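Open the model in your viewer and keep the sequence panel beside it. The stops below go from the whole chain to single residues.

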Amino acid sequence: MEIKAVKLFDGGFMNQPFAFGGEEGKENFDEQIIYRSSLQNFLIDTGSEVILVDTGFPTGAPVPPKKLGAPLYMGEKKQDYLEALASLGYKAEQISKILITHKHPDHTGALQYFPNAKIYISPQDAAAMNLEGENIVKATYNDGPYHNFPAAQKIADGVWFISAKGHTKGNSIIIAENEGLFYMMHGDVTYCDAALKANKLSIVFEDIDAARTTLDRVREFIKNNPTVYLSTHCPEGYENLEMKRVMKL
């Protein structure tokens with residue numbers, strides 16, 4: 001198995017109120033404390049199939065502008081999604097499955113480019129996006145608990161689709177097991193690794209109580225298992241992957 005980062009944006013920033021202020025309020029954090037930001041999704045090559053985790057924006061989508069004082073700026077666009085995929089040596093036709101962490105457009109914008117892929121997504125987020133069709137697989141999470149997560153679905157050997165509600169009502173995370181490590185592709189459970197370490201929720205959520213439960217479970221899992229934490233919105237996501245850096249809490 002190989003896990004790769006599909007790098008889309010880099011050189012951005014987010015402020016502490018955005019990344020930390022979900023429970024205590026933005027006013028209790030310092031706008032002048034800034035964390036690095038980027039945008040990358042991930043790819044799992046099992047050796048027998050190629051699986052994507054999220055798909056970024058559609059080709060040619062407007063680049064979110066850089067504004068002084070913005071809570072989040074993802075950075076300058078490096079590549080459109082299909083360009084980034086090609087730079088890793090893959091074609092859209094090779095993709096057999098796409099695992100969606102949640103419905104937001106920076107995670108789902110390029111779904112239409114993959115004619116042979118089954119798209120796995122929570123029922124709640126599928127409904128919110130009006131996704132229907134033979135290629136849409138609404139997750140059942142019917143393979144029982146996965147470690148301390150109560151509901152999970154096996155996608156392939158060593159690849160799990162896990163219910164992790166909060167950021168959206170159908171939010172999911174993906175864990176890939178490889179050579180004794182657990183690679184956690186969590187979407188936006190946190191926006192930066194500093195928030196994970198500080199045990200803080202961002203201001204972006206649909207269910208604050210569920211988001212807190214999910215973050216607690218994520219932190220418990222990391223404490224008990226050697227986990228490479230693969231974030232979407234900070235460059236530690238691809239740096240952790242490149243170094244196989246195990247998260248320490």
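Start with a cartoon of the whole protein chain, which has seven helices and twelve strands. This is a predicted model. The radius of gyration is 17 Å, close to the 18 Å that the globule rule gives for 249 residues, so the chain is as compact as a globular protein of that length. Rotate the C-alpha trace onto its principal axes and the spans are about 45 × 40 × 35 Å.

Now switch to a surface. The protein chain exposes about 10600 Å², and carbon and sulfur atoms supply 49% of that area. Of the 249 residues, 57% are buried. Among contacts with a separation of 6 or more, 62% are between residues 24 or more positions apart.

**The sheet**

Go back to the cartoon and select the open sheet of seven strands. Read across, the order is β4-β1-β2-β3-β5-β6-β7, and the pairing is mixed. At the edges stand β4 (72-77) and β7 (136-138); each has a single partner strand, so one side of each is left without a neighbour in the sheet. From one strand to the next, the twist averages 30°.

Next, select residues 50-53 and 95-99. These are strands β3 and β5, which pair in the parallel sense over four bridges. Show Leu-52 on this pair: opposite Leu-52, in β5, stands Ile-98.

**Salt bridges**

Side chains of opposite charge can pair when their charged atoms come close. A search of the whole structure finds 13 salt bridges. Three of them are visited here, beginning with Glu-24 and Lys-200.

Show both side chains and set a distance between N and O: the salt bridge of Glu-24 and Lys-200 comes to 2.5 Å. The two partners sit in distant parts of the chain, 176 residues apart. Glu-24 is in the loop between α1 (16-20) and β2 (34-45), while Lys-200 is in the loop between α5 (193-198) and α6 (208-224). Which partner is buried, and which is partly exposed? Glu-24 is partly exposed, with a relative accessible area of 39%, whereas Lys-200 is buried at 18%.

Move to Arg-36, which forms a salt bridge with Glu-236; their closest N and O atoms are 4.0 Å apart. Arg-36 lies in strand β2 and Glu-236 in helix α7 (residues 236-243), so this pair ties together parts that are 200 residues apart in sequence. The relative accessibility of Arg-36 is 44%, and Arg-36 counts as partly exposed.

Then select Lys-77 and Asp-80. Their salt bridge has its closest N and O atoms 3.0 Å apart. Lys-77 counts as partly exposed, at 31% relative accessibility, but Asp-80 is buried, with a relative accessible area of 13%. For a network, select Arg-36, Glu-236, Glu-239 and Arg-245 together: salt bridges with shared partners join these residues into one.

**Last stop: Ser-163**

Select residues 159-163 to bring up strand β9, the place of Ser-163. Why does Ser-163 count as buried? Its relative accessibility is 16%, and buried means under 20%. Show the neighbours to see what surrounds this residue. Leaving aside residues up to four places away in sequence, Ser-163 touches Tyr-141, Phe-149, Ala-151 and Asn-171.

Notes: Residues numbered from 1 in each chain as written. Predicted model: local features only at pLDDT ≥ 70, side-chain atom pairs only at ≥ 80, totals over all residues. Heavy atoms only, no water. Helix = DSSP H or I, 4+ residues; strand = E, 2+ residues; numbered from the N terminus. Buried < 20%, exposed > 50% of the residue type's maximum accessible area, 1.4 Å probe, protein only. Pairing = 2+ DSSP bridges. Axes fitted to C-alpha atoms, helices over the stretch in contact; angles between N-to-C directions. Rg over C-alpha atoms; globule rule 2.2 N^0.38 Å. Contact = heavy atoms within 4.5 Å. Areas by Shrake-Rupley, 256 points an atom, 1.4 Å probe, with all protein chains shown as cover.
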